[in-house]
Amino acid sequence: PYRVWFLIKVCESYVGSIYAYKNNGIGISVISGEEHVIAPAIKLFLERNKPLKPIKSVRSAEFGVYAAPTDKKLISILESMGAHFSQVTYLLSPDTK
């Protein structure tokens, strides 16, 4: 389901990955203690990839980064890069009443 997917490597070790979906959503994951690679990885990703054209009700004209509300480190990094808050998503399981 990914449009592009890259591994993040520091020296000789893989420390995470960054990927984009066809809906212009971006996911980034790094191992604990390697959060310093997030901003440079996002910057490099944005230099080398452009969002797909927007389609109303399908995808935005901008990339959106998925961040769990509990991932305070990622949120702080994104905000320091000038990213702005967009939405909150709630998941409903099949047994939700």
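This is a short talk on the sheet, the helix packing and the core of one predicted model.

Okay, let's start with the sheet. It's an open one with four strands, in the order E1-E2-E3-E4, and the pairing is mixed. E1 and E4 sit at the edges with a single partner strand each, so one side of each has no neighbour in the sheet. Just as a reminder, strands of a sheet pair through backbone hydrogen bonds, either parallel or antiparallel.

Let's walk across it. E1 covers residues 2-10 and E2 covers residues 13-21; they run antiparallel, and eight bridges join them. If you want landmarks, Phe 6 stands opposite Ile 18 in E2, and Val 4 has Ala 20 as its bridge partner in that strand. E1 and E2 make a hairpin with two residues between them, and in the turn you'll find Cys 11 with a positive phi of about 55 degrees.

Next step over: E2 and E3 are antiparallel too, with five bridges. Ser 17 is the one to click on here, since you'll see Ser 29 of E3 opposite. This pair is again a hairpin, now with three residues between the strands. Asn 24 is in that turn, with a positive phi of about 70 degrees. And is Asn 24 buried or exposed? Buried, with a relative accessible area of 1%.

Hold that thought and jump to Ser 57, in the loop between H1 and strand E4. Ser 57 also has phi near 70 degrees, a positive value in a residue other than glycine. But Ser 57 is exposed, at 80% relative accessible area. So we have positive phi at Asn 24 and at Ser 57, with Asn 24 buried and Ser 57 exposed.

Back to the sheet for the last pairing. E3 and E4 go parallel, over two bridges. One contact to look for there is Ile 26, whose bridge partner in E4 is Val 65.

Now the helix. H1 lies across E1, E2 and E3, and runs at about 145 degrees to E3. Which residues of H1 are buried? Those are Ile 38, Ala 39, Ala 41, Ile 42 and Phe 45. They take up an arc of only 160 degrees around the axis, so they're on the same side of H1. What covers them includes E1, E2, E3 and H2. Spin the helix around and, on the face turned away from the buried side, you get the exposed residues Glu 47 and Arg 48.

That takes us into the core. The largest nonpolar core has 18 residues, and the ones touching the most other members are Ile 8, Ile 18, Ile 28, Ile 38 and Phe 45. E1, E2, E3, H1 and H2 each put in at least two residues, and H1 gives the largest share, with five.

Two of those residues deserve a zoom. Take Phe 45 on the helix side: leaving out residues up to four places away in sequence, Phe 45 touches Val 4, Phe 6, Ile 18, Ala 20, Ile 26 and Phe 63. You'll recognise some of these from the sheet, including Phe 6, which faces Ile 18, and Val 4, which pairs with Ala 20.

Then there's Ile 18, over in strand E2. Ile 18 counts as buried, at 4% relative accessibility. With that same sequence cut-off, its contacts include Trp 5, Ile 8 and Gly 27, and from the helix Ala 41, Ile 42 and Phe 45. For a sense of distance, Ile 18 and Glu 47 are 13 Å apart in space, C-alpha to C-alpha, and 29 residues apart in sequence.

Last thing: charges. Side chains of opposite charge can pair when their charged atoms come close. How many salt bridges does the structure hold? One. The partners are Glu 35 and Lys 73, with the closest N and O atoms 3.8 Å apart. This pair links distant parts of the chain, 38 residues apart: Glu 35 is in the loop between E3 and H1, and Lys 73 is in helix H2. The lysine end of the pair is out in the open, because Lys 73 has a relative accessible area of 51% and counts as exposed.

Okay, that's the tour. Thanks, everyone.

Methods. Residues are numbered from 1 along each chain as its sequence is written. Side-chain values use heavy atoms; hydrogens and water are left out. Two strands pair if DSSP finds at least two bridges between them. A salt bridge is a side-chain nitrogen of Lys or Arg within 4 Å of a carboxyl oxygen of Asp or Glu. Buried means under 20% relative accessible area, exposed over 50%, partly exposed in between (1.4 Å probe, protein chains only). The arc is that of the directions from the helix axis to the C-beta atoms. Contact means heavy atoms within 4.5 Å. A nonpolar core is a set of buried Ala, Val, Leu, Ile, Met, Phe, Trp, Tyr and Cys residues joined through side-chain atoms within 4.5 Å. Axes are lines fitted to C-alpha atoms, for helices over the stretch in contact, and angles run from 0 to 180 degrees between N-to-C directions.
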